[in-house]
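The following paragraphs are intended to be read alongside the sequence and the three-dimensional structure. They proceed from confidence and burial to cores, salt bridges and surface features.

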Amino acid sequence: MRLNTTKRYTHLFYIYVILVLVLIFDIVTHQLGEDGSAADAPVLWYYVAAAALFFLYRGNPVFVYDSDGEVIIITSKEPSLAKLFKSCNKHYEFPKRKVIGYSINKMPLKKSVIIRLESKEGANKKVKVSMSYVNKQEIKDLERSLRSVMSKNKKAKVQLNA
């Protein structure tokens, strides 16, 4: 199954541009305020900072999931900020046979998937990926895909033990 939310990202780029323009406008009006021509300029940077924190809280807007073949590929990225911050891009590839569990966290305005994996060291590893911009139907498809991977893994373990 493949899931891709790249198309929904375009409107966010325009919101970022508007926020930067508002910030520039606020700086310019405060510079004019020191001269006395626009002394009561509004302080808009609070709203820009609140909007930026909101977008940081939501997580990366682009979520790509691909479970075709023997490997699951999950990518979460923020194309606009990728050049500034390397931590905005997350890419995971792991074999389906290593998946031992998953959970989907739904908090207010934020969703994420946590996939538990077997590791060679014996301790389980967790992969946490933000997916706030994925709609309900796509979440159901993602859950169905992960359930089928887990059921195949359980059948394979039963056959090995028998």
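A residue is called buried when its relative accessible area is under 20%, exposed when that area is over 50%, and partly exposed in between. By this rule aspartate 66, at 16% relative accessibility, counts as buried. The model in view is a predicted one, and its confidence should be considered before its details. The chain has an average pLDDT of 85, and 91% of the residues score at least 70. Confidence is highest in strand β6 (residues 110–117), at 94, and lowest in helix α1, at a mean of 81. Where pLDDT is low, the predicted coordinates should not be read in detail.

The interior may be taken next. In soluble globular proteins, nonpolar side chains tend to be buried together. Here the largest nonpolar core has 21 residues, and the members that touch the most others are Phe63 and Ile115. Two or more residues of this core are contributed by each of β2 (62–66), β3 (71–77), β5 (99–107), β6, β7 (125–130) and α3 (136–161). The largest share, five residues, is that of α3. A second core, separate from this one, has nine residues, among them Leu12, Leu19, Ala51 and Phe55.

Two residues illustrate the packing around these strands. Beyond its neighbours within four places in sequence, phenylalanine 63 is in contact with Leu3, Asn4, Thr5, Ile74, Thr75, Val129, Ser130, Met131, Val134 and Leu142. One of these partners, isoleucine 74, is placed in strand β3. Is isoleucine 74 buried or exposed? Its relative accessibility is 0%, and isoleucine 74 therefore counts as buried. With neighbours within four places in sequence again left aside, isoleucine 74 is in contact with Phe63, Val64, Tyr65, Lys90, His91, Tyr92, Phe94, Ile115 and Val129. The C-alpha atoms of isoleucine 74 and valine 127 are separated by 9.6 Å, although the two residues are 53 residues apart along the chain.

Charged side chains provide another set of connections. For a salt bridge, a side-chain nitrogen of Lys or Arg must lie within 4 Å of a carboxyl oxygen of Asp or Glu. How many salt bridges does this rule give? The count comes to three. In one of them, the side chains of aspartate 66 and arginine 2 meet at 3.5 Å, N to O. Because aspartate 66 lies in strand β2 and arginine 2 in strand β1 (residues 2–4), this pair ties together parts that are 64 residues apart in sequence. Arginine 2, in contrast to its buried partner, counts as exposed, at 63% relative accessibility.

Arginine 2 also meets aspartate 68 in a salt bridge, at 2.9 Å, N to O. Aspartate 68 lies in the loop between β2 and β3, so its pairing with arginine 2 in strand β1 ties together parts that are 66 residues apart in sequence. With a relative accessible area of 39%, aspartate 68 is partly exposed. Arg2, Asp66 and Asp68 are thus linked in a network of salt bridges.

Another salt bridge lies within a helix. The closest N and O atoms of arginine 144 and aspartate 141 are 2.7 Å apart. These two residues are separated by about one helical turn, because they are three residues apart in helix α3. Arginine 144 counts as partly exposed, at 48% relative accessibility, whereas aspartate 141 counts as buried, at 18%.

The surface remains to be considered. A nonpolar surface patch of about 650 Å² is made by Phe13, Tyr14, Val17, Val20, Leu21, Ile24 and Val28. Of these, valine 17 is placed in helix α1 (residues 10–35) and is partly exposed, with a relative accessible area of 35%.

Two loop positions complete the account. Most residues other than glycine have a negative phi. Leucine 109, although it is not a glycine, has a positive phi of about 65°. Leucine 109 is placed in the loop between β5 and β6 and counts as exposed, at 55% relative accessibility. Serine 87 lies in the loop between β3 and β4 (90–95) and is likewise exposed, with a relative accessible area of 57%. The C-alpha atoms of serine 87 and lysine 77 are separated by 8.9 Å, and the two residues are ten residues apart along the chain.

Notes
Residues are numbered from 1 along each chain as its sequence is written. This is a predicted model: local features need pLDDT of at least 70, side-chain atom pairs count only at pLDDT 80 or more; totals for chains, interfaces and linings use all residues. Side-chain values use heavy atoms; hydrogens and water are left out. Patches are made of residues with over 30% relative accessible area and no salt bridge: like charges are joined within 9 Å, nonpolar side chains (Val, Leu, Ile, Met, Phe, Trp, Tyr) within 5 Å. Accessible areas come from the Shrake-Rupley method with a 1.4 Å probe; for residues, only the protein chains shown count as cover. Helices (H or I, at least four residues) and strands (E, at least two) are DSSP runs, numbered from the N terminus. Buried means under 20% relative accessible area, exposed over 50%, partly exposed in between (1.4 Å probe, protein chains only). pLDDT is the predictor's confidence in each residue, from 0 to 100. A nonpolar core is a set of buried Ala, Val, Leu, Ile, Met, Phe, Trp, Tyr and Cys residues joined through side-chain atoms within 4.5 Å. Contact means heavy atoms within 4.5 Å.
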